Amino acid sequence: MTAPPSGVVTRIPITAPLIGDQEIAAVAVPLRSGWLTQGPEVAAFEREFAEYVGAPHACAVSNCTTALHLALLALGVGPGDEVVTVSHSFIATANAVRYCGATPVFVDIDPATFNIAVAAIEPAITTRTRAILCVHQLGMPCDMTAIVAIARRYGLWVVEDAACAIGSELLVDGAWERVGRPHGDIACFSFHPRKVITTGDGGMITTARAEWDAHFRLWRQHGMSVPDTIRHGASEVVFETYETLGYNYRLTDLQAAVGRVQLQRLPEILEKRRAAAARYGALLGDVSGLRLPREPAWARTNWQSYCVGLPDASDQRSVMQALLNQGIASKRGVMCTHRSPAYLTMVWRSRDDLRESERAEDRSIMLPLYPTLKEEDQQRVAAALRGACA
Ligand SMILES: *Cc1c(COP(=O)(O)O)cnc(C)c1O
């Protein structure tokens with residue numbers, strides 16, 4: 001890296017992936033072997049991922065959006081169905097419901113965790129409801145015990161949008177369990193660079209049901225009856241068939257090779273993220289009116305993002321601009337899907353019910369947090385934020 005010109009402060013980005021020589025070396029393996037997609041690296045990444053989260057099955061796909069699409073398809077979500085979810089999420093969450101021809105029904109969030117407000121779920125359930133799609137927003141686990149209890153009472157499926165939540169944990173019957181076992185019926189992960197580990201783009205679907213896992217494997221590769229791993233190794237000629245309408249939702253071996261190294265780095269990444277979050281807590285704890293994120297007693301987040309609620313008197317855009325003027329990137333709170341032009345014609349529950357979602361978008365900001373974030377840079381961020389809130 002070249003040094004910045006003197007007098008110019010270094011920019012602090014919102015995030016930065018932790019990638020090193022090992023990932024670069026790992027990509028060379030499939031490149032040299034010539035097996036570039038849906039091969040041995042993908043299979044190994046799936047095995048290692050399943051083992052890490054404690055899931056019986058893990059199926060790699062092209063990204064978390066396609067993972068969510070396949071998860072909902074496996075549950076039979078289709079036209080006329082409703083899926084209870086949050087508006088306060090990346091737009092891909094609700095889009096996956098629409099890909100199935102179903103309708104997302106938005107409920108509000110709990111401002112303390114930015115996750116679905118458990119008390120708002122039941123009133124949103126109708127005879128058309130088929131599933132609850134909850135989001136472990138910014139890495140913070142949802143209250144899965146409560147959500148699954150409601151789902152079971154109404155005969156609904158539960159999909160976890162765990163895009164941001166690799167390495168996050170839930171306390172279940174006195175023991176910590178990783179998100180993705182899964183605690184609902186199916187969990188979906190993302191490996192986009194904005195997430196905690198990355199393969200450039202990529203996704204993973206975990207479930208305990210062998211039958212759904214088999215569907216995912218068919219669908220991700222055009223509905224083809226014989227996977228490449230079997231066809232290429234066969235000693236007799238094999239003719240494949242196409243059993244069902246499928247998609248091209250494959251992960252490549254290049255991506256999987258990177259993912260395997262990233263998974264090995266994850267403990268170190270989590271430790272550094274947790275240390276950085278604790279430092280923000282110490283640096284910002286006394287800023288009047290600023291609401292810092294906190295883990296419920298039963299949850300451990302991976303701190304995919306560190307999102308703070310601004311004091312009532314401060315303006316979001318001005319605070320962000322003040323940070324930017326000092327070379328510090330920030331992001332506004334998670335956007336509300338129901339406010340996007342792509343959703344203006346959609347039906348959702350009364351806007352008034354989404355007050356906390358809108359407030360979280362308008363009144364909170366995310367601060368830089370990544371494994372290589374330096375302590376002095378965090379001090380700079382804290383000082384700039386303190387000044388902007390004063
Ligand atoms: C990033 C994200 C997605 C989409 O993940 P991709 O891998 O980019 O498709 C879905 N849901 C949430 C909550 C996300 O943060």
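The largest pocket in this model, which I should say at once is a predicted one, has a volume of about 630 Å³. Of the 31 residues that line this pocket, the closest to its centre are S89, F90, I91, K195 and K331, and if you sort the lining by class you find 13 nonpolar, twelve polar and six charged residues. In terms of secondary structure, helix 3, helix 4 and strand 14, the last of these being residues 331–332, each supply at least two residues of that lining, with the largest share, three residues, coming from helix 3.

Now, what sits in the largest pocket? The ligand does, and I would like to go through its surroundings with some care. There are 14 residues around the ligand, and those that come nearest are C64, T65, D161, S190 and K195; you will remember K195 from the list of residues closest to the centre of the pocket. By class, the shell around the ligand consists of six nonpolar, six polar and two charged residues. Helix 3, which runs over 64–74, and helix 4, which runs over 92–99, each give at least two residues to this shell, and both helices also supply at least two residues each to the lining of the largest pocket.

Let me turn to the individual polar contacts, taking the side chains before the backbone. An N or O atom in the side chain of D161 is 2.7 Å from a nitrogen atom of the ligand, while S190 places a polar side-chain atom 2.7 Å from an oxygen atom of the ligand. At C64, by contrast, the atom concerned is a backbone N or O atom, and this lies 2.9 Å from an oxygen atom of the ligand. As for how much of the ligand is covered, on its own it has 380 Å² of accessible area, and the protein covers 91% of that.

Beyond the pocket, how many cavities of 30 Å³ or more does the count give? It comes to two. The largest cavity has a volume of about 90 Å³, and its lining is made up of A112, T113, F114, Q137, L138, M140, P293, T301, W303, S305 and C307; by class, that is seven nonpolar and four polar residues, with no charged residue. The second largest cavity holds about 40 Å³ of space, and it is lined by T15, A16, P17, L18, P193, K195, V196, I197, T198, Q262, R273 and P371, a set that divides into seven nonpolar, three polar and two charged residues. I would draw your attention to K195 once more, since this residue lines the second largest cavity and is also among the residues that come nearest to the ligand.

Finally, two points about the backbone. F114, which we have just met in the lining of the largest cavity, has a positive phi of about 65° although it is not a glycine, and this residue is found in the loop between strand 4, residues 109–110, and strand 5, residues 115–116. The other point concerns R181 and P182, which are joined by a cis peptide bond with omega at about 0°; here P182 lies in the loop between strand 9, residues 175–178, and strand 10, residues 186–190. The end of strand 10 brings us back to the ligand, with S190 and its polar side-chain atom 2.7 Å from a ligand oxygen atom.

Technical notes:
Residues are numbered from 1 along each chain as its sequence is written. This is a predicted model: local features need pLDDT of at least 70, side-chain atom pairs count only at pLDDT 80 or more; totals for chains, interfaces and linings use all residues. Side-chain values use heavy atoms; hydrogens and water are left out. A residue is near a molecule or strand if one of its heavy atoms lies within 4 Å of it. A polar contact is a pair of N or O atoms within 3.5 Å; within protein, one must be able to donate a hydrogen and the other to accept it, and residues adjacent in sequence count only if both atoms are side-chain atoms. Accessible areas come from the Shrake-Rupley method with a 1.4 Å probe; for residues, only the protein chains shown count as cover. On a 1 Å grid over the protein atoms alone, a cavity is a set of points where a 1.4 Å probe fits but cannot get out, and a pocket is an open set with protein on both sides within 12 Å along at least five of seven lines; lining residues have an atom within 4 Å of a point. A molecule sits in a cavity or pocket if more than half of its atoms lie within 2 Å of its grid points. Helices (H or I, at least four residues) and strands (E, at least two) are DSSP runs, numbered from the N terminus. Ala, Val, Leu, Ile, Met, Phe, Trp, Tyr, Cys and Pro count as nonpolar, Asp, Glu, Lys and Arg as charged, and the others, Gly among them, as polar. Grid points are joined across faces, edges and corners, and a volume is the space filled by probe spheres set on the points.
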